[in-house]
Amino acid sequence: MQLTDWIPALTTTGLLSLALWLSRALITARLTRSVQHEFDKKLEQLKSEFRAAEKTLEASLAQRSAELESLRTGALSGITQRRALLDKRRLEAIDQLWGTWIANQSARSLAMTMSVMKLENLAEQVTKDDRVREFIRVSGGGFDPSKLNYVTANLARPYVSDMAWALFSAMQAITGYYVAHWVALSHGIDSRKMVANEAVQKLILAVAPEYKDYLEANGLSASYHLLERFDTLLLAELKRMATDSQQDKESVEQAAQILEHARSLNEKVQPAAAG
């Protein structure tokens, strides 16, 4: 077979190969463009969804931030309001405590009068001599124990300092001690079972330990002057409370001791008075 016989066949084969290559290249290009188009379309859709989600998240965060700010502002406002109400109630409690003490000054005056008397001697004589009983009655200056009222002070207790309440309780215990003796003696009752000089002295020293030597030198008759000291201490504590609600550890501990001695004095007097 001669070369001239192969030329048409080679030409045809070449042309077919070229056509196939061109066709394949065209298909590949079209597929590539189609895939790229779909990819770009999906990418743009994802970008759009992301932007929408981002805006939604930003709006949600802004709303949460506004809610948190509202809660914080409301909480701070509530704290401020409660603090203002508590300060107001504390000032009212100061007025209640001091007002109760002033309203019951007749008991303090009677206590000061009775503190200079020898209670044991009077208790022994009162059952034998009507003149002694009359003297006791007159020394009260028209005192009426039924008019004593400490309810308002009890309402103030949760809002006053430990020391303020301790000082008030100490004065109430001491005046109550002498009032109990006066009531008993003015009715001709021997009150020697109620005598608790040691308990009174311990209570006074718990409040004003600096008067130890003075008490030892002058006896309980010195309580006449020390009751005035109680007034000064209570008033100073109430003034301090009006500007500062904080309490130091030493003051709280001393207040606890004062209350314990006041309770002890009351326990010694009340059963004896009932008996």
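## A tour of Arg90, helix H6 and the salt bridges

Arg90 is buried, with a relative accessible area of 11%. That is under the 20% cut-off for buried. The model is a predicted one, so treat each stop as a feature of a prediction.

**Stop 1: Arg90 and its surroundings.** Select Arg90 in helix H1, which spans residues 3-103. Which residues touch Arg90 once neighbours within four places in sequence are left aside? Show Tyr159, Met241 and Ser245: these are the contacts of Arg90.

Now add Asp87. A salt bridge joins Asp87 to Arg90, with the closest N and O atoms 3.0 Å apart. The two residues are three apart in helix H1, so about one helical turn separates Asp87 from Arg90. Is Asp87 buried or partly exposed? Asp87 is partly exposed, at 30% relative accessible area. Its partner Arg90 is buried, at 11%.

**Stop 2: H2 against H6.** Select helix H2, residues 105-115. Add helix H6, residues 162-186. H2 and H6 pack at an angle of about 75°, and their axes are 8 Å apart. H2 is therefore roughly perpendicular to H6. Angles from 65 to 115 degrees count that way.

Next, show the side chains in the contact. On H2, pick Ala107, Arg108, Leu110, Ala111, Met114 and Ser115. On H6, pick Thr175, Tyr178, Val179, His181, Trp182 and Leu185. Colour this contact by residue class: eight are nonpolar, three polar and one charged.

**Stop 3: H4 against H6.** Keep H6 and swap H2 for helix H4, residues 130-139. The angle between H4 and H6 is about 140°, with the axes 8 Å apart. H4 and H6 are therefore oblique to each other. The cut-off matters here: roughly antiparallel applies over 145 degrees. H4 passes H6 in a left-handed crossing.

What makes the contact on each side? From H4 come Arg133, Ile136, Arg137 and Ser139. From H6 come Trp182, Leu185 and Ser186. By class, the contact of H4 with H6 has three nonpolar, two polar and two charged residues.

Leave Trp182 and Leu185 displayed for a moment. Both belong to the H6 side of the H4 contact, and both are also listed on the H6 side of the H2 contact.

**Stop 4: a salt bridge within H4.** Stay on Arg133, one of the H4 residues that meet H6. Add Asp130. Asp130 forms a salt bridge with Arg133, and the closest N and O atoms are 3.5 Å apart. Both residues lie in helix H4, three residues apart, about one turn of the helix. Asp130 counts as exposed, at 54% relative accessibility. Arg133 counts as partly exposed, at 32%.

**Stop 5: helix H10.** Select H10, residues 249-274. Show Arg263 and Glu260 as sticks. Their salt bridge has its closest N and O atoms 2.8 Å apart. Arg263 and Glu260 are three residues apart in H10, so about one helical turn lies between them. Where do the two stand in accessibility? Arg263 counts as partly exposed, at 41%. Glu260 also counts as partly exposed, at 47%.

**Stop 6: a network.** Finish with Glu237, Arg240 and Asp244. A network of salt bridges links these residues. How many salt bridges are there in the whole structure? A search finds twelve. Among the pairs visited here are Asp87 with Arg90, Asp130 with Arg133 and Arg263 with Glu260.

Definitions and conventions:
Residues numbered from 1 in each chain as written. Predicted model: local features only at pLDDT ≥ 70, side-chain atom pairs only at ≥ 80, totals over all residues. Heavy atoms only, no water. Axes fitted to C-alpha atoms, helices over the stretch in contact; angles between N-to-C directions. Helix = DSSP H or I, 4+ residues; strand = E, 2+ residues; numbered from the N terminus. Parallel < 35°, antiparallel > 145°, perpendicular 65-115°, else oblique. Left-handed = near helix turned anticlockwise from the far one by under 90°. Contact = heavy atoms within 4.5 Å. Nonpolar A, V, L, I, M, F, W, Y, C, P; charged D, E, K, R; others polar. Buried < 20%, exposed > 50% of the residue type's maximum accessible area, 1.4 Å probe, protein only. Salt bridge = Lys/Arg side-chain N within 4 Å of Asp/Glu carboxyl O.
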